[in-house]
Number of protein chains: 2
Amino acid sequence: MLRTRFTELFGVAHPITQGGMQWVGRAGLVSAVANAGALGFLTALTQPTPDDLRAEIARCRGMTDKPFGVNLTILPTIRPVPYDEYVDAVIDGGVGIVETAGNNPEPYIVRLKAAGVKIIHKCTAVRHALKAEALGVDAVSIDGFECAGHTGEEDVPNMVLVPCTADRLSIPFIASGGFGDGRGLAAALALGADGINMGTRFMATRESPVHDNIKRRIVEADERQTALILRSLRNTSRVHRNSVAEKVLEVERKPDVAFADVQEYVAGVRGRRTYEEGDPEAGIWTSGMVQGIIRDVPTVNELVTRIVEQAETIIRSRLSGLLVA
Amino acid sequence: MLRTRFTELFGVAHPITQGGMQWVGRAGLVSAVANAGALGFLTALTQPTPDDLRAEIARCRGMTDKPFGVNLTILPTIRPVPYDEYVDAVIDGGVGIVETAGNNPEPYIVRLKAAGVKIIHKCTAVRHALKAEALGVDAVSIDGFECAGHTGEEDVPNMVLVPCTADRLSIPFIASGGFGDGRGLAAALALGADGINMGTRFMATRESPVHDNIKRRIVEADERQTALILRSLRNTSRVHRNSVAEKVLEVERKPDVAFADVQEYVAGVRGRRTYEEGDPEAGIWTSGMVQGIIRDVPTVNELVTRIVEQAETIIRSRLSGLLVA
């Protein structure tokens, strides 16, 4: 077992989170993560309405008596999203932990804090982490350039971002992006983080609700098969590099491309259908560089147990064994 | 002290190298690194002729009786470079260790090996590391996306690149890019590397031959002040983000830009003058994201000692202290 500021603060056994993943963060996976002693997050916007989120929270609670959280990501969207009603669902549902992310979550942070909910704010830059700390969040999840999904525009990887954050942030924080095994967990702890967040690694588990073909593709892919799309909109997203992602990049490279065209094109090829129907070339879907070290589809419990055990062995045997008087 | 496959193989006290840096890797710095128990490399092409390299090797030997090496980087150049004669200078000078880098160093690897020189090959991708291993090099220096200078085109940061390399390479390897303190050293060892290489961190030392203004700029800059130039030529280089770098990016962004124009523009603003004359805005110069954690200009010996001590403390106290039964 590894005890850090993170495990103490959130009352979980292991310093590992399964952060918000659109279409993936559902009760089956999140409860499995909770039962394994890590901290999982339902993704609020995976549920089409706030009432669906209420039902999903209840479903998750039926499958675990351990803590779990809800991710609330605020992003530019074409049709308005009733964020306040999703926040109501979280508070009414008695969820004690929320992961906030995206543009300007300040009003929701304020509301959640007032309701006594613990908040982990996810961001990609040290100054945003400091801003969140000033707003009173309880912890930060700092997202390196390696991460799947929204990378931000500054491209600072965790080897640099984590120590930069450790030097300036006082509250506990976990590192996100590029993590999939005990080596990464030990490295993150060495760099000053209090734990790790994993997305892609949890997608490729037995309890993850994505199609087996998608899990297989993650296992087969190496660290180079991701692409950064939507950089032209300054809304960069790391996705699996398939033929659709290549097409998006082609559209973006056109010198006279209109932003609306890119946005519309991506909206048309993005979404949950790929995950559910299982054609890895059918649309845009998210995966991270860490797929380079993902080689199996274990149960969540097997995964969490082996990551913690590997990190412990690295600390006790490998690293301590390098020390000479 | 930390003993790894790297320190054993090269007969040095610490698992740290100061790899090749054009204009910077000179006898004063390299001998200081050797005397501190780490492994420094003179940069062959910093010397205008092979005979100048012979003289620099002799000068370095006059300042240390510890092992040091020479970096030989093979890059596309406008005028032809007599690489074979530089290799002669290395072999004749009795230098026992060479760091190779760049495009197709195979013929030089073969020659150096035949002469009994130990080789560390520097590269940015796992498959290139495996190729070098097959050619018989003794060790690899794997260069993550964080690194200063030539990043390659695949943008895989060390948090992912190091474990991917560890899983497939048999010979010892060190990680390069983003390293500047004991946290990074401990993290690299946790991820499976046998040591670290540092460039920017060694540039900002007392013995480094760059102007004090450049060292001061590195100390002042944060992790975001680097830029990737020459991506349009697929010869990407991470440099300090100053007004000249911004101008290069502007030239590269033009939809109808000719490659030759970019190359010519950069050739005109690149080089050692900036380092020697000390105007950080006068030209293109190299620095890495690790500047975000560089806050002083210590002697090389102070730096190496404190990095090793910090890594030891992290292993002995911080990491071991997180373990609970």
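Two strands count as paired if DSSP finds at least two bridges between them. With that in hand, here are the close-ups; keep in mind that the model is predicted.

**View 1. A three-stranded open sheet in chain A.**
The strands of this open sheet line up in the order 7-11-10 in chain A, and their pairing is antiparallel. Its edges are strand 7 (149-150) and strand 10 (226-229) of chain A, each of which has a pairing partner on one side only. Zoom in on strand 7 of chain A and you'll find 2 antiparallel bridges to strand 11 (residues 237-240) of chain A. To pick out a bridge by residue, start from G149(A), whose partner in strand 11 of chain A is R238(A). Helix 11 (residues 243-253) of chain A packs on this sheet and touches strand 10 and strand 11 of chain A. The direction of helix 11 makes about 35 degrees with that of strand 10 of chain A.

**View 2. The open sheet of chain B, with strand order 7-11-10.**
Over in chain B there is an open sheet of 3 strands with antiparallel pairing. Strand 7 (149-150) and strand 10 (226-229) of chain B are the edge strands, each pairing on one side only. Strand 7 of chain B is joined to strand 11 (residues 237-240) of chain B by 2 bridges in the antiparallel sense. Look for H150(B) here: its bridge partner in strand 11 of chain B is S237(B). Helix 11 (residues 243-253) of chain B lies across strand 10 and strand 11 of chain B, at about 35 degrees to strand 10 of chain B.

**View 3. Strand 3 of chain B and the strands it pairs with, strand 2 and strand 4.**
Strand 3 (residues 69-74) of chain B is mostly covered, with 5 of its 6 residues buried. Strand 3 of chain B pairs in the parallel sense with strand 2 (residues 39-43) of chain B, over 3 bridges. In that pairing, F41(B) has G69(B) of strand 3 as its bridge partner. Helix 3 (residues 50-63) of chain B completes a right-handed β-α-β unit with strand 2 and strand 3 of chain B. Strand 4 (residues 97-102) of chain B also pairs with strand 3 of chain B in the parallel sense, this time over 6 bridges. One residue pair to click on is V70(B) with its bridge partner V98(B) in strand 4 of chain B. To get from strand 3 to strand 4 of chain B, the chain goes through helix 4 (residues 83-92) of chain B, and this β-α-β crossover is right-handed.

**View 4. Two residues of chain B with positive phi, W23(B) and D155(B).**
W23(B) isn't a glycine, yet its phi is positive, at about 75 degrees. You'll find W23(B) in the loop between strand 1 (16-18) and helix 2 (27-35) of chain B. Is W23(B) buried or exposed? W23(B) counts as buried because it has 20 C-beta neighbours inside 10 Å, and 20 or more is what it takes. D155(B), also not a glycine, has a positive phi of about 60 degrees. D155(B) sits in the loop between strand 7 and helix 7 of chain B. With 22 C-beta neighbours inside 10 Å, D155(B) counts as buried too.

**View 5. P209(A) and its contacts.**
P209(A) is in the loop between helix 9 (200-203) and helix 10 (212-220) of chain A. There are 17 other C-beta atoms within 10 Å, so P209(A) is partly exposed. Which residues does P209(A) touch, leaving aside neighbours within four places in sequence? They are V24(A), R26(A), G28(A) and L29(A). Take V24(A): 185 residues separate it from P209(A) in sequence, but the two are 6.0 Å apart in space, C-alpha to C-alpha.

**View 6. Where chain B touches chain A.**
Each chain puts residues into this contact: 42 from chain B and 42 from chain A. On the chain B side, the elements giving two or more residues are helix 7 (158-168), helix 8 (182-191) and helix 14 (300-322) of chain B. That side of chain B divides into 24 nonpolar, 8 polar and 10 charged residues. The copies meet through the same surface, because 100% of the interface residues of chain B are also interface residues in chain A.

**View 7. The rotation axis and A187(B).**
A turn of 180 degrees and a shift of 0.0 Å along the axis lay chain B on chain A with an RMSD of 0.0 Å. So what you have is the relation of a two-fold axis. Which residue of chain B comes closest to the rotation axis? A187(B) does, with its C-alpha at 2.0 Å.

Key: Residues are numbered from 1 along each chain as its sequence is written. Chains are lettered from A and ligands numbered from 1 in the order in which they are written. This is a predicted model: local features need pLDDT of at least 70, side-chain atom pairs count only at pLDDT 80 or more; totals for chains, interfaces and linings use all residues. Two residues are in contact if their C-beta atoms, placed from the backbone, lie within 7 Å. Helices (H or I, at least four residues) and strands (E, at least two) are DSSP runs, numbered from the N terminus. Ala, Val, Leu, Ile, Met, Phe, Trp, Tyr, Cys and Pro count as nonpolar, Asp, Glu, Lys and Arg as charged, and the others, Gly among them, as polar. Copies are superposed by least squares on the C-alpha atoms of residues with pLDDT of at least 70 in both. A residue is buried if 20 or more other C-beta atoms lie within 10 Å of its own, exposed if 12 or fewer, and partly exposed in between; C-beta atoms are placed from the backbone. A crossover is right-handed if, with the strands pointing away from the viewer, the path from the first strand over the helix to the second runs clockwise. Axes are lines fitted to C-alpha atoms, for helices over the stretch in contact, and angles run from 0 to 180 degrees between N-to-C directions.
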